[in-house]
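Please look over the sheets, cores and pocket of this structure. A short report follows.

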Amino acid sequence: MALMPVADALAAVLDCAAGLAEEMVALDDAHGRVLARDLAALRTQPPQPMSAMDGYAVRAADVATAPARLTVIGEIAAGRPAEQSVGPGQALRIFTGGVIPDGADTVVIQEDTVRDGDQVTITEAARHGRHIRPAGIDFTEGEVLLRAGHRLSDRDLALAAGMNHPALPVHRRPRVAMLATGDELVMPGAALGPGQIVYSNGYALRALARSEGAEVIDLGIAADTIEATRAAIARARDLCVDVLVTTGGASAGDHDLVKSSLEAEGTTIAFWKIAMRPGKPMMHGRLGPMRVIGLPGNPVSSYVCAVLFMVPLIRALSGRSESMHRRLPAVLGADLAANDQREDYLRAQLALRDDGQWLATPVDRQDSSLLARLSAAQALIVRPPFAPAAAAGSSCLILKLPE
């Protein structure tokens, strides 16, 4: 197959990807989930005018000038509204969150008063409405405050609770299975034999998928045989996962068996090989309702392709209103040579300049096997195909990497 442009490959991966089925979850389980429907307030907040400070509820007409001496006729605490109203020359002691009583239209803070038994002297004049939170100042019943497609933050949970929602309608989490291939891979901490390497890709990929809200299933490492690879693919299908992500075995060597194994299991391959660097051997296909993303085995290639393709797919299946990455403007911190026919994604470190612009400096070596350079990077510099040489200080576009 000819090399596919990155934009076309991403469009193929996201084709018909939409939010999964709706389910109700308790507030405590809703952090990071995506709303399936607009959420309207079930109450007005606050439902009645409330005091914003500790002090005295009075009539503004009685405290237009100071000093003013008033008679204290009672006390109002939060959750215990007063039965009496405030008349001329009267005051009610009130605490933060207390309901403003009938007749009162301002609150004088405690610091501006001197109390003597049932008498209080107001030492500073107060205007109408001072230190009062009007009913509905936060929100009103029926007001839509959280929209479908929004991923819920910790602050959103507080808002939803205040809106009087004990549970929220969210999209089901995408179920993502991860499969590594390769006889050379051993788990961290194991003794390495000749030619073996420590398996590292899956740890980053699983963390990345979980951070985007996916439920991750680890299928482990399949041996370099058609039988073992097909068995792992079949297991993913039987588990009814939404996405199968493979790493390794995506190139054209005799031991790269993922593509042939996928096809043997009935997968329709949409593309194989992309015009990008790193990550040229990436593939994508469908096995029934299961989407398949075949990532390269080199750690940097695997991770960069996961950021560019797996992350938007998880976001789309999660129901997020925005699934695409935002490319941000930056300034190059080093000279770059002209680019060839492949779109380049250069690992780079970021620094914030005094003028507020990002300075993006490519790491010193861009080899797709270098984990230390990947870990040190905070962004990818995006260079389109056939981009001309660019000097340090010129403009560029970046994708910030997850923190």
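## Pocket

A pocket is an open set of grid points with protein on both sides within 12 Å along at least five of seven lines, and its lining residues have an atom within 4 Å of a point. The model described here is predicted.

The second largest pocket holds about 310 Å³ of space. Its lining counts 18 residues. Y303, L374, S375, A377 and L401 come closest to the centre. Which helices each supply at least two residues of this lining? They are α3, α6 and α7, the last spanning 371-376.

## The sheet with β16 and β18 at its edges

Six strands make up an open sheet with mixed pairing. The order is β16-β13-β17-β21-β20-β18. β16 (215-222) and β18 (268-272) are the edge strands, and each pairs on one side only. On average, neighbouring strands are turned by 15° against each other, direction ignored.

Within this sheet, β17 (residues 243-247) and β21 (residues 290-295) run parallel. Five bridges join them. One bridge pair consists of V245 and, in β21, I293.

## Helices across that sheet

Helix α3 covers residues 201-211. It lies across β13 (175-181), β16, β17 and β21. Its direction is at about 165° to β16.

Helix α6 covers residues 299-318 and lies across β13, β17 and β21. Here the angle of about 165° is to β21. R315 is part of α6. Is R315 buried or exposed? R315 is buried, because its relative accessible area is 13% and the cut-off for burial is under 20%. Not counting residues up to four places away in sequence, R315 touches E212, R320, E322, S323, M324 and H325.

## Nonpolar cores

The largest nonpolar core has 43 residues. Which residues have the most contacts inside it? They are M276, M282, F309, M310 and Y345. Two or more core residues come from each of α1 (6-14), β13, α3, β17, β21, α6 and β25 (379-383). The largest share belongs to α6, with 14 residues.

M276 has contacts with V6, V304, C305, L308, F309, R342, E343 and Y345, leaving aside neighbours within four places in sequence. Two of these partners, F309 and Y345, are also among the residues with the most contacts inside the core. Another core lies apart from this one. It has 18 residues, among them L244, V258, L262 and W272.

## The sheet with β7 and β8 at its edges

A further open sheet has six strands in the order β7-β4-β6-β5-β9-β8. Its pairing is mixed. The edge strands β7 and β8 (113-116) each pair on one side only. Neighbouring strands are turned by 35° against each other on average, direction ignored.

Strand β4 (residues 55-58) pairs with two strands of this sheet in the antiparallel sense. With β6 (residues 90-94), the pairing runs over three bridges. A57 stands opposite L92 there, and G55 has I94 as its bridge partner. With β7 (residues 106-109), β4 pairs over four bridges. Which residue of β7 is the bridge partner of Y56? The partner is V108.

## Recap

Helix α6 recurs through this report. It lies across β13, β17 and β21, gives the largest share of the largest nonpolar core, and supplies at least two residues of the lining of the second largest pocket.

Conventions:
Residues are numbered from 1 along each chain as its sequence is written. This is a predicted model: local features need pLDDT of at least 70, side-chain atom pairs count only at pLDDT 80 or more; totals for chains, interfaces and linings use all residues. Side-chain values use heavy atoms; hydrogens and water are left out. Two strands pair if DSSP finds at least two bridges between them. Axes are lines fitted to C-alpha atoms, for helices over the stretch in contact, and angles run from 0 to 180 degrees between N-to-C directions. Contact means heavy atoms within 4.5 Å. Buried means under 20% relative accessible area, exposed over 50%, partly exposed in between (1.4 Å probe, protein chains only). A nonpolar core is a set of buried Ala, Val, Leu, Ile, Met, Phe, Trp, Tyr and Cys residues joined through side-chain atoms within 4.5 Å. On a 1 Å grid over the protein atoms alone, a cavity is a set of points where a 1.4 Å probe fits but cannot get out, and a pocket is an open set with protein on both sides within 12 Å along at least five of seven lines; lining residues have an atom within 4 Å of a point. Grid points are joined across faces, edges and corners, and a volume is the space filled by probe spheres set on the points.
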